[in-house]
Amino acid sequence: MLEMIIISSIKVIIVVIAVLTGCAYSTYMERKVVGHMQHRIGPSYAGPFGLLQPLADGVKLIFKEEIIPDNIEKTTYLLAPAISFIPAILTFAVIPFGKDTSFFGFDIPMVLSDLNIGILFVFAVTSLGIYGIVLAGWSSTSKYSMMGAIRSSAQMISYEVGYGLSIIGVILIANTLSLRELIELQMGPLWGTITFLPNWYIFSQPLGFILFLTCAIAETNRSPFDMAEAESELVAGYHTEYSSMKFSMFFIGEYANMIAVSSVGATLFFGGWHGPFLESFPMLSVFYFVAKVIMFMFFYIWLRATFPRFRYDQLMNFGWKVLFPLALLNTMVTAYFVIL
Amino acid sequence: MKDILRAIGNVFLKMPKGFFVTLRHFFKKPVTLDYPRKKKPMTPRYKGRHYLERYDDGTERCVCCGLCAAACPSDCIYMEPAENEKGERYAKIYEINQIRCIYCGFCEEACPEEAIFLGQEYEFSNSDLDSFIMTKDKMLVPHPRKENPFKKMFRRMRKAYGVLDK
């Protein structure tokens, strides 16, 4: 029992550190990739290739002056960054990041907690992130923050519908909510017959995947759905009045959310840690998982460098008139084939 | 229904085009010049800071004739003549006000002795105003001499008229 606790604690520490480092370095990756897409070179001064830039940014943010405006709802104002930050980190509790291994005679499952309703937990927790944004916008008593928060809440509620419906196809096929079982079902040949392709759900659910990706980007408030921040209209949106570490909590929260959503996408549609040569090198599974997440992150950044921001009415029309009916259609068709 | 069809059309026909554009630019060479660490090579005839030349035996080329000061459109050259022990004229004081100077290079072209050159350097920023007065000791330093096609021409002309270098 004791060794279980120790192993779990070590895993928790490793995962949290890995996620935070990942957040830091996804900012670096974003700046580098967007820079190269605009013929620039991105950060290049701190360390070789600017690799220490996230560290320098972190130090800068910690030592910045903490400005707390007058006439704010102080309790909510102080709580909001944590509320938006914690759910983003919580998601990683149920995401399997590798094949189960044994280490010094202990069996170590490469997942923090193997919930049998893992995917439901993920969706429940990511939806909580909206509270941080709304409370931040409301407690700042600033019109820019408020506008950002209102937009963000409307957007996230609208896209939550499509987000939830887009994965129902996968769950119908897999007939399970556990992420571990979902990954195990995606091993083996495609549809049991095509041997050179794995049975990843992107092949069975292409429409579901596109819908998931679109809604996921909207859920994490990323460009081109970054109505909550919209720096060209709303200064910085919901975190206009925040500075120093509180601002960086929102920032880390946003990137952690991106990584979380990427992990969920990799798990649901790309077979999670599944890949070739796993029998001989089980530790490769972690590498495969990270590689898939990085692919998703690259897509996020690529999208940001490519498309301009949606207008608010376009966003709402797109969410309710396009994504929602398509997600319903996808669910119905999948259900029909599953019953057959 | 119309919205859905248009969105599907956009996803499959228009969005890949946009993605392709950014991806193509991603693999192009960045235009950024990593400036303070890497400097852009200037063209051979670039006109930067001034240098005064010496002959190979170490004596100064400048004879303080004043032609450069006369040619200078911004009137930034000040000089005072003197004679050395051999009775040759030289510039006791030769100053160029870099703030007034417009780096036109007329002094370089006017000089009959090939004494003044405009080099490749262009970083003059300084918070001390006095440092912008270029004095002789600043300008007489050794420098990579640039080959100016006009100078070659002038040298040939002077040879033809019998004026020879030392």
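**Figure 1. Polar contacts and salt bridges between chain A and chain B.** In this predicted model, six residue pairs sit in polar contact between chain A and chain B, counting pairs with both residues at pLDDT 80 or more. Salt bridges are another story: the rule finds zero of them across this interface.

**Figure 2. The side of chain A that touches chain B.** Three elements of chain A each give two or more residues to this side: α1 (2-37), α11 (284-306) and α12 (312-339). The biggest giver is α11(A), with six residues. Sort this side by class and you get 15 nonpolar, four polar and two charged residues.

**Figure 3. How much the two chains bury.** Here 21 residues from chain A meet 19 residues from chain B. Together the chains bury about 1,900 Å², and 73% of that is on carbon and sulfur atoms. Look for A:His39, A:Tyr45 and A:Trp302: this trio supplies 31% of the area that chain A buries against chain B, more than any other three residues.

**Figure 4. A look inside the largest cavity.** The structure has three cavities of 30 Å³ or more, and the largest holds about 170 Å³ of space. Its lining is made of 15 residues, and the ones closest to the centre are A:Ile133, A:Met156, A:Glu219, A:Asn221 and A:Asn257.

**Figure 5. What lines the largest cavity.** In chain A, α4 (118-139) and α10 (244-269) are the elements that give two or more residues to the lining. The largest share, five residues, comes from α10(A). By class, the lining splits into six nonpolar, seven polar and two charged residues.

Conventions. Residues are numbered from 1 along each chain as its sequence is written. Chains are lettered from A and ligands numbered from 1 in the order in which they are written. This is a predicted model: local features need pLDDT of at least 70, side-chain atom pairs count only at pLDDT 80 or more; totals for chains, interfaces and linings use all residues. Side-chain values use heavy atoms; hydrogens and water are left out. On a 1 Å grid over the protein atoms alone, a cavity is a set of points where a 1.4 Å probe fits but cannot get out, and a pocket is an open set with protein on both sides within 12 Å along at least five of seven lines; lining residues have an atom within 4 Å of a point. Grid points are joined across faces, edges and corners, and a volume is the space filled by probe spheres set on the points. Helices (H or I, at least four residues) and strands (E, at least two) are DSSP runs, numbered from the N terminus. Ala, Val, Leu, Ile, Met, Phe, Trp, Tyr, Cys and Pro count as nonpolar, Asp, Glu, Lys and Arg as charged, and the others, Gly among them, as polar. Contact means heavy atoms within 4.5 Å. Buried area is the accessible area (1.4 Å probe) that two parts lose on being put together, summed over both. A salt bridge is a side-chain nitrogen of Lys or Arg within 4 Å of a carboxyl oxygen of Asp or Glu. A polar contact is a pair of N or O atoms within 3.5 Å; within protein, one must be able to donate a hydrogen and the other to accept it, and residues adjacent in sequence count only if both atoms are side-chain atoms.
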